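Colleague: Let us go through this model together. I will ask, and you give the reasoning before the result.

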Amino acid sequence: MTERYLAFEVAGREYAVEAVRIREVTRLGRTTRVPSAAGYVRGVMNLRGRILPVLDLRTRLGATDPEDEHTMPVVVVERGSVVAGMIVDQVSGMIDVASDAVQVQAAEGDDPAQSPDRGRVEVGDRSILLLDLEVILGGHALRPEADPRDRNLPQFASPQGPDGTAETTHDCTDDSSD
Amino acid sequence: MMEATAHVPDSAERLHQATFLLVQLESGGSSDAGPLATLLQELATDDAFPAPVAQLLRAAADRFASALARDEGDFGSALPEVGRLVEEAADVLEDGVEESPTTDASSADPEMLETFLLESLDFLAEGERAALALDADPSHPEAVNTLFRCFHTLKGTAGFLDLPHVVTLGHRAESLLSLIRDVDRDPEPGEIDLIFRSVDTLTRMVSAIGAADGGDDVAWRDLADQLTRATADGAGARPDDRTPGVHPAPAAPSAPSVDDAQQAASTSGWTRVRTDQLDRVIDALGELTVAQSILAQDPAITGAVHSELAQKAWSATRIVSDLQKLALSMRTVPLAGLFRKMARLVRELSRARDATIHFEVEGEHTEIDRNMVDLLSDPLVHMIRNAVDHGIEAAEDRGAAGKPEAGTLRLRAMNAGGEVVLELSDDGRGIDRGRVRQRAVERGLIEADVELSDADLFQLIFVPGFSTTDEVTDLSGRGVGMDVVRSNVESLHGQVEVRSEPGAGSAFTIRVPLTLAISNVLVARVGDERFVVPSRDVVLSYRPDAAGLGSSDGAEFALVQEEPVPIVRLHSLLGVPGAETDPTAGVLVVVGTGRRRRALLVDDLLGQMQVVSKPLGPLLDETPWIAGGAVMGDGAVALILDVPALLATAAPELAELDPALRVGQ
């Protein structure tokens, strides 16, 4: 069994996402910064009247000071109700991957659940990492200190430090219920 | 349909024989009541029958036996009733005992099913209106007929589509109404309850047919059995010997009536449109509107040498705007459905409290975006519970106060200035200012000596956890509710106000926009960023001078109409670099009402516009202080400030607002 993937380059490495998760590939438009968002969140942009959160995959995958170009490719992905654009360096194209060709990587970091890729596949002389959208799009993309429940007005002297790339997973407990 | 008689062949055969004997007696072919009486006694004690059948047969046997006991020669008058019960028993036996799957899974054409679904829900809504009319006035001339038709038609169509459970329940409900109609008496309160439950259960069952998972049909059998029992019991109840029921209030002049329903139904020329498709049309038109305005603002057009181009763009803009208004009006629905739901709630609550409450409605034809209707339900439910539970006094207290024993609850709706206004008023005890004040002081919300207007004082009841009621009842819980009302209404971009007169009652007024699809906003610049503030939240905006500013304990205030209003520095709250930090060089945008006000510091105002408010999506929707985004004329996104969040205040806020803290004097 083979599955189709879209491959793209980010910070000198090649990554791929299942084609079924791809909505479209577009170009980076004018983004609007979102306060309290994590460092890898570039902001939101207008995609034909819809508001699209844009993540800088280069920052997310560890590139430092990525060059900024207004027309960078943005891969728009969908996972459940989450739709987001990911800024990449270059889109390489579609590849077909046999499911038994995927080598599950030994976790490099200390938390395998947080690893942004879920395996590696060799296509010819290319070594492609399969991006784990669960990790990239899981949870909220807000900084830990930006807890919306902490809404005490008198303390709004902005405690926000420099942008961290630390990832946040806010639980979304809804305390507005009766 | 499976032949259920196979389970109890012998007994079923004897049941048929009873029918045969009945026909003979009725037609005069025989005058000997003995064989039927004996057979009925045997059938009544035959434990091969399922319980509901046995119950009907017992009723039939009893009825016949007592007729014979009165006068052995004149049992004829009992025959129609006995006949009905026996027939009903046969029906129940036939369609009730088979081991069928738990849900009706029709094999009919999906399109036909969908038509059935839509039509049936209409019938059932009409049935509900009739049931409410019947509840208000049990001798309502038309309501019983309307209900009968509703169940009858539903049963017929469901039979055609092979939905046996709907058929069975529809049939039982129809039988009960047929009995009431034929005996020509008013329905008992218990029977009206069963009618309501039948409408509800059938609505659930019919809706479940449309649902992907098929739904479940919990408790419909139980209800069917209860209907059967009621029909059996009701057969004997004559207009003269029924127990006088505690009937709810007579019909208020404005109570939803069957006539209204018929009037509404007679309007011709409707087309059904799926709501999700309509939603998509409206979304797409919203996007078209914005795209069109981006186009119209393009320098190539605005600076066009060829003024013809600008002219063309302008006329296209106008068409798009008309189209959007038209599409939005297609999505509006009258509030009547919501009002019916509230009438049901009042009915149930007054039952539970054993009180009589007149429920009057007005303006139920007021229209509103259908997407708003469901969201209005929760706050109304809370307000009604509160009014029934705390507002309207017990009958004896009302009598002592010289009021009519029956309380009155009035729900009114009207259009006013592009908004829908809903008002719920009661003639109860009113809000006790003293207790609200005392409670607010206890909870540290206000200082003991602070002076508050009624409007400001009553706003305190919306603070989470605020309650003046010492007792806890099962009706409205403990102190939760009013804060939910406010947060629900605010999520609809609305406001809620309270008026109250001690001893005379209270009135809650909710104002919400007609639609959430488009809103007017004020565009503000903070540093190099734009933010939009919904115009409805803005009281005023101005360039302050130094004399109108002050601070206390590090908290900054602006004096607005001689009241201190806390300043919110948006640049620091939202982390905007390079913004104006000196209020006298910027603009203050005052938002909120009464004592809940904030002065937002921005660099400048860029103007007003209409936008389509959009969510940021699950990844970012918890961004503090931000309610969503909107695409601006230049095609970029601006974030919409979450004004209720900016106003959502911790308890010390009201103390902060104490005029004693004023620093300008």
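Colleague: At roughly what angle do the axes of helix α6 and helix α7 of chain B cross?

Modeller: Keep in mind that this is a predicted model. Helix α6 of chain B covers residues 143-160, and helix α7 covers residues 164-183. Their axes come within 8 Å. The crossing angle is roughly 155°.

Colleague: How is α6(B) then oriented to α7(B), roughly parallel or roughly antiparallel?

Modeller: Angles over 145 degrees count as roughly antiparallel. The axes cross at roughly 155°. Therefore α6(B) and α7(B) are roughly antiparallel.

Colleague: Is the crossing of α6(B) and α7(B) left-handed or right-handed, and which residues of α7(B) make the contact?

Modeller: α6(B) passes α7(B) in a left-handed crossing. From α6(B), the contact uses residues including B:Val144, B:Leu147, B:Phe148, B:Phe151 and B:Leu154. On the α7(B) side it is made by B:Val166, B:Val167, B:Gly170, B:His171, B:Ala173, B:Glu174, B:Leu177, B:Ser178, B:Ile180 and B:Arg181.

Colleague: How do the residues of that contact divide into nonpolar, polar and charged?

Modeller: B:Phe148 and B:Leu177 are among the residues in the contact, as are B:Lys155 and B:Glu174. By class, the contact of α6(B) with α7(B) has 11 nonpolar, 6 polar and 3 charged residues.

Colleague: How far apart are the end C-alpha atoms of α6(B), and what span should its 18 residues give?

Modeller: Take 1.5 Å a residue for the 18 residues of α6(B). The expected span is then 26 Å. The model agrees, because the end C-alpha atoms of α6(B) are 26 Å apart.

Colleague: Which residues of α6(B) are buried, and which residue just after the helix takes a positive phi?

Modeller: The buried residues of α6(B) are B:Ala143, B:Val144, B:Thr146, B:Leu147, B:Phe148, B:Cys150, B:Phe151, B:Leu154, B:Lys155 and B:Ala158. Several, including B:Val144, B:Leu147 and B:Lys155, also belong to the contact with α7(B). Just after the helix, a positive phi of about 60° is found at B:Asp162.

Colleague: Turn to α2 and α3 of chain B. At roughly what angle do their axes cross?

Modeller: Helix α2 runs over residues 34-44 and helix α3 over residues 51-70. Their axes come within 8 Å. The crossing is left-handed. Its angle is roughly 145°.

Colleague: Which residues of α3(B) meet α2(B), and how many in the contact are nonpolar?

Modeller: From α2(B) come B:Leu36, B:Ala37, B:Leu40, B:Gln41, B:Leu43 and B:Ala44. They meet B:Leu57, B:Arg58, B:Ala60, B:Ala61, B:Phe64, B:Ala65 and B:Leu68 of α3(B). This contact has 1 polar and 1 charged residue, while the nonpolar residues number 11.

Colleague: What is the distance between the end C-alpha atoms of helix α14 of chain B?

Modeller: Helix α14 has 18 residues, 336-353. At 1.5 Å a residue it should span 26 Å. B:Asp354 follows the helix with a positive phi, near 60°. The end C-alpha atoms of α14(B) agree with the expected span, at 25 Å apart.

Colleague: Why does B:Arg340 count as buried?

Modeller: B:Arg340 lies in helix α14 of chain B. Buried means under 20% relative accessible area. B:Arg340 counts as buried because its relative accessibility is 9%.

Colleague: What separates the C-alpha atoms of B:Arg340 and B:Arg129?

Modeller: Beyond its neighbours within four places in sequence, B:Arg340 is in contact with B:Ala125, B:Glu128, B:Arg129 and B:Leu132. B:Arg340 and B:Arg129 are 211 residues apart along the chain. Their C-alpha atoms are separated by 7.1 Å.

Colleague: Is A:Ser36 buried or exposed?

Modeller: A:Ser36 sits in the loop between β3 (22-27) and β4 (41-47) of chain A. Its phi is positive, near 70°, though the residue is not glycine. At a relative accessible area of 5%, A:Ser36 is buried.

Colleague: And B:Glu562, buried or exposed?

Modeller: B:Glu562 lies in the loop between β12 (555-560) and β13 (563-569) of chain B. Its phi is positive too, about 65°. With a relative accessible area of 64%, B:Glu562 is exposed.

Colleague: Finally, how many helices and strands are in chain B?

Modeller: Of the 665 residues of chain B, 49% count as buried. Residues 24 or more positions apart account for 71% of its contacts with a separation of 6 or more. Chain B has 22 helices and 18 strands.

Notes:
Residues numbered from 1 in each chain as written. Chains lettered and ligands numbered in written order. Predicted model: local features only at pLDDT ≥ 70, side-chain atom pairs only at ≥ 80, totals over all residues. Heavy atoms only, no water. Axes fitted to C-alpha atoms, helices over the stretch in contact; angles between N-to-C directions. Helix = DSSP H or I, 4+ residues; strand = E, 2+ residues; numbered from the N terminus. Parallel < 35°, antiparallel > 145°, perpendicular 65-115°, else oblique. Left-handed = near helix turned anticlockwise from the far one by under 90°. Contact = heavy atoms within 4.5 Å. Nonpolar A, V, L, I, M, F, W, Y, C, P; charged D, E, K, R; others polar. Expected span 1.5 Å × (residues − 1). Buried < 20%, exposed > 50% of the residue type's maximum accessible area, 1.4 Å probe, protein only.
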